[in-house]
Each structure stands twice: as structure tokens, then as C-alpha cells.
Amino acid sequence: MSAAWRAVRTIAGRELASYFVSPVAYVFLVIFLLLTGFLTFTAGGFFERGEASLVAFFAWHPWVYLVLVPAVGMRLWAEERRAGTLELLLTFPVTAWQAILAKFLASWAFLAIALALTFPVVITVNVLGDPDNGQIFAGYLGSLFLAGAYLAITSLTSAMTRNQVIAFILSVIVCLFLALAGFNPVTSLLERWASPALVDTVAAFSVVTHFNGFQKGVIDSRDVLFFLSVIGFSLFATSVVLRNR
């Protein structure tokens, strides 16, 4: 392993461990698990559907992540700037890219842990019926990519301000736009004054549209490329903001 990747792994390990130092991480995990359980089995009408699937489980993820992921990522750079440790971090023998990637991967790993802790839902649906576990796996993969996209956007907004609340609000607004871009009411509104090409372009930026493919059990390279592009562009923009600061 090269020295660059060792530096990334070291920083990411320390960042991930820092999440579990305070009780905030455990509160987040409990809220996430309780919320997804309630939305799946109660609000989602899991038992009323009469089918062994996790459609109700994954359908809520774009909206649950809309609040919870920015809550996790808002401190990534805003806290460094507020505490005055950003300059100290960037004077270490690591590049800005290594620091950005490491902090992002640590937060993404924390979200992956939260997602993995929902395994009782998978066990429940397998006990009650005979679900398509391949489709469930694709749904989990898509959910992880969706969380990563939201997190990368939050990393960017966190780098833009030292106020965590402002970073949270900005990321929620941007992620909400990406969630609503492909919805019929939004596209219908755009069709009144915009050209069909512009409407299709806006709809193509909808994270929900690309996430739907994973929910159906289809791992399309175009959907994977979309999420990776959002992550890559947001992290690149984060590096630009930090260098300008």
C-alpha cells in the first residue's frame, strides 16, 4: 500500500473512531433505526401489502437521508473552520485531496454501519416469505450510493461555512432539489415554459429516478456512474473551496 493510501486510511480511521466518542453517534443510530422501522412497518403498510418485499423500506430512504445525512456531514469542515484546526490539518504531510477523501470515507463508513444495522428487516421479510434477495441487495447498494451522494454534497456545503446549521440547511436544499427534479409535478411545471430537452436534462439529475432502478433489482451502470459523478464533482468542488479559503 502506498504512503498516500496509508495516510487516507489513518485519517479515515481516526475520523470514524471520533464519531463513537460522543453519544451523538449512538443517538443518530437509534433514531435512524426507529425511523426506518416505523416508516417500513407502520407508515409503509408492510403487512397490508401481503408481499415479501422491502419496497416500503427503500422507498423512504431518499427522504430519511434528506435530513439525517446532512446531520452527519455538516460538521466535516465547518467544525474544523470554527475550531481553527483546518489550517493545522492541512499543514500535516497529507494533501488536501487525501484529507477530503479520508473524512468523506469515514462518514460514509458510519452511514454504511447504520444501514447494515437494519439487517433485522431483511431477516423478518425472509422469515415471513420468500423475497428476491438479489433485489434486496441491489436496493441496499443503491441506498449506500444515495447516502454517499448526499454526504458529498454536505461536505461541499460544510466547506463553504463555519456554521454547521447553515451547512445543514444548504445541503438539505440542494439534496431536496435533486430529489424532486424528476417528480411529475416538477416536470409538468417546467413543461409549461421550458423546452423538452431542458425538462429531460433536469429530470436526469433526480437521485430518486436513478435510485428507483436499484429498488427494482437492476444495477445499471448509468445509475452507478450518476452517483459516482455527483460524489466526485462534490468532493472536487470541496477541494476548490478549501484551497480558496
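The second largest pocket encloses about 300 Å³ of space. Its lining counts 16 residues. This is a predicted model: local features need pLDDT of at least 70, side-chain atom pairs count only at pLDDT 80 or more, and totals for chains, interfaces and linings use all residues. Residues are numbered from 1 along each chain as its sequence is written, and side-chain values use heavy atoms, with hydrogens and water left out.

**Second largest pocket**

- On a 1 Å grid over the protein atoms alone, a pocket is an open set of points with protein on both sides within 12 Å along at least five of seven lines; a cavity is a set where a 1.4 Å probe fits but cannot get out; lining residues have an atom within 4 Å of a point.
- Volume is the space filled by probe spheres set on the points, with grid points joined across faces, edges and corners.
- Val24, Ala25, Ala71, Val72 and Arg75 are the lining residues nearest the pocket centre.
- H1, helix H2 (24–43), helix H5 (61–73) and helix H6 (75–83) are the elements that give two or more residues to this lining.
- H2 provides the largest share, five residues.
- Helices (H or I, at least four residues) and strands (E, at least two) are DSSP runs, numbered from the N terminus.
- By class, the pocket lining has eleven nonpolar, three polar and two charged residues.
- Ala, Val, Leu, Ile, Met, Phe, Trp, Tyr, Cys and Pro count as nonpolar; Asp, Glu, Lys and Arg count as charged; the others, Gly among them, count as polar.

**Largest cavity**

- The structure holds one cavity of 30 Å³ or more.
- The volume of the largest cavity is about 30 Å³.
- Phe28, Phe32, Tyr65, Leu111, Ala114 and Ala147 line the largest cavity.
- At least two of these lining residues come from each of H2 and H8.
- The cavity lining has six nonpolar residues, no polar and no charged ones.

**Salt bridges**

- Side chains of opposite charge can pair when their charged atoms come close.
- Two salt bridges are present (a side-chain nitrogen of Lys or Arg within 4 Å of a carboxyl oxygen of Asp or Glu).
- Lys103 pairs with Glu15 in a salt bridge, with the closest N and O atoms 3.3 Å apart.
- This pair links distant parts of the chain: Lys103 sits in helix H8 (residues 96–116) and Glu15 in helix H1 (residues 3–19), 88 residues apart.
- Both Lys103 and Glu15 are buried.
- Buried means under 20% relative accessible area, exposed over 50%, and partly exposed in between (1.4 Å probe, protein chains only).
- Asp220 forms a salt bridge with Arg222, where the closest N and O atoms are 2.8 Å apart.
- The side chains of Asp220 and Arg222 are also joined by a polar contact of 2.8 Å.
- A polar contact is a pair of N or O atoms within 3.5 Å; within protein, one must be able to donate a hydrogen and the other to accept it, and residues adjacent in sequence count only if both atoms are side-chain atoms.
- Asp220 lies in the loop between helix H14 (207–215) and helix H15 (221–244).
- Asp220 is buried at 19% relative accessible area, whereas Arg222 is exposed at 61%.

**Leu144**

- Leu144 belongs to helix H10 (residues 133–160).
- Leu144 is partly exposed, with 26% relative accessibility.
- Outside its neighbours within four places in sequence, Leu144 is in contact (heavy atoms within 4.5 Å) with Trp108, Ala112 and Leu115.
- The C-alpha atoms of Leu144 and Glu51 are 24 Å apart, with the two positions 93 residues apart along the chain.
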